[in-house]
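Subject: Structure for your files

Hello,

Here is the structure I said I would pass on. My notes on it follow below.

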Amino acid sequence: MSRTLVWFSCGAASAVAAKKTLEKHPDAEILYCDTLAFEHPDNLRFMKDCEKWFGKEIKILKSEKYTDIYDVFEKTRWLIGVGGARCTTELKKVLRKKYQKPNDMHVFGFTADESHRVVRFGQENPELKSWFPLFDAGYGKSDCYRDIKEAGIEIPAMYKLGYKNNNCIGCVKGQAGYWNKIRKDFPEAFERMAKMERKLNAAINKVYVNGKRIRVFLDELKPDQGRYNGEPDIECGVLCVTEGDKNE
């Protein structure tokens, strides 16, 4: 018997994708891979509000091997590389693959402006049956915010602070502009990651000088470096988008 699995992330798009899925498939399961420890505390409120909106409990999947993202960093000695972030792999992808069954239908919240991610997902996961209800409906991020507002739900705090995604506070996939915004809004998170970089001798950011890659550690990052609004969105989940190089 096939199941419909909706992968919820505490983001606006995944919430609306879940709601739309339940309208057609009321027996669908709503699943969240637990990374709450280093997300904004308002995410738990948003999750509970969404459960009321869905009329269904969100099932939380937890890693049996790692407690949180920093436990992954410590044990694997890895931050970010050409294959993405190890925290996403261990705390999301591994859990999904463990939970899924061959006949399951997987639902993800890619929006209408993310055709490149829809294509990439199909290329990287040809064995999965998947559905992208927002993409099919022509829904963009603003449409998702509208639906959530109309449902009487406050959008997550990270969006109100001007972040484009609702990931962990201090995501290793972020670039210079993102990290300078984190430095301003969440200085403790910035310092925590800066110390982890030095401990692992692995820098998240980089610059190229005469074609040569030069690592830029967070404690070396100039406060005016980068422009967050011009940087690509961070994807943490089914795809793990990064422009980073392998840790050295």
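**The nonpolar cores**

The largest nonpolar core has 35 residues, and those touching the most other members are Phe73, Leu79, Val172, Trp179, Ile182 and Met193. At least two residues of this core come from each of four helices: H3 (69-76), H4 (86-99), H9 (176-185) and H10 (187-200). H10 gives the largest share, six residues. Please keep in mind throughout that this is a predicted model.

Met193 can be followed residue by residue. Leaving aside residues up to four places away in sequence, Met193 touches Tyr70, Phe73, Leu79, Gly170, Val172, Trp179, Ile204 and Leu218. Of these partners, Phe73, Leu79, Val172 and Trp179 also appear in the list of core residues that touch the most other members.

There is also a second core, separate from the one above, with 27 residues; among them are Phe8, Val16, Ile30 and Val107.

**Helix H3**

H3 is mostly covered, with six of its eight residues buried. The buried ones are Ile69, Tyr70, Asp71, Val72, Phe73 and Thr76, so the list includes a charged residue, Asp71, as buried under the 20% relative accessible area cut-off. Which helices do the buried residues of H3 pack against? They pack against H4 and H10. Two of the buried residues, Tyr70 and Phe73, are among the contacts of Met193.

**The protein overall**

The secondary structure comes to 10 helices and nine strands. For 248 residues, a compact globule would have a radius of gyration near 18 Å, and the protein agrees with that because its own value is 18 Å. Along the principal axes, the C-alpha atoms fill a box of roughly 55 × 35 × 35 Å.

Buried residues make up 55% of the 248 residues. Among contacts with a separation of 6 or more, 70% join residues that are 24 or more positions apart.

The exposed surface is about 12200 Å², and carbon and sulfur atoms supply 51% of it. As for charge, there are 43 positive and 37 negative side chains, and the centres of the two sets lie 3 Å apart.

**Individual residues to look at**

Two asparagines have a positive phi. Asn201 has a phi of about 55° although it is not a glycine, and its place is in the loop between H10 and strand E8 (205-209). Is Asn201 buried, partly exposed or exposed? Asn201 has a relative accessible area of 40%, so it counts as partly exposed.

Asn210 likewise has a positive phi of about 55° without being a glycine. This residue sits in the loop between E8 and strand E9 (212-216). At 81% relative accessibility, Asn210 is over the 50% cut-off and therefore counts as exposed.

Glu124 belongs to helix H5 (residues 115-124). Its relative accessible area is 41%, which means that Glu124 is partly exposed. Glu124 and Asn229 are 105 residues apart in sequence, and their C-alpha atoms are 28 Å apart in space.

Regards

Notes:
Residues are numbered from 1 along each chain as its sequence is written. This is a predicted model: local features need pLDDT of at least 70, side-chain atom pairs count only at pLDDT 80 or more; totals for chains, interfaces and linings use all residues. Side-chain values use heavy atoms; hydrogens and water are left out. The radius of gyration is taken over C-alpha atoms; the globule rule is 2.2 Å times the number of residues to the power 0.38. Buried means under 20% relative accessible area, exposed over 50%, partly exposed in between (1.4 Å probe, protein chains only). Contact means heavy atoms within 4.5 Å. Accessible areas come from the Shrake-Rupley method with a 1.4 Å probe; for residues, only the protein chains shown count as cover. Lys and Arg count as positive and Asp and Glu as negative; His and the chain ends are not counted. The place of a charge is taken as NZ of Lys, CZ of Arg, CG of Asp or CD of Glu. A nonpolar core is a set of buried Ala, Val, Leu, Ile, Met, Phe, Trp, Tyr and Cys residues joined through side-chain atoms within 4.5 Å.
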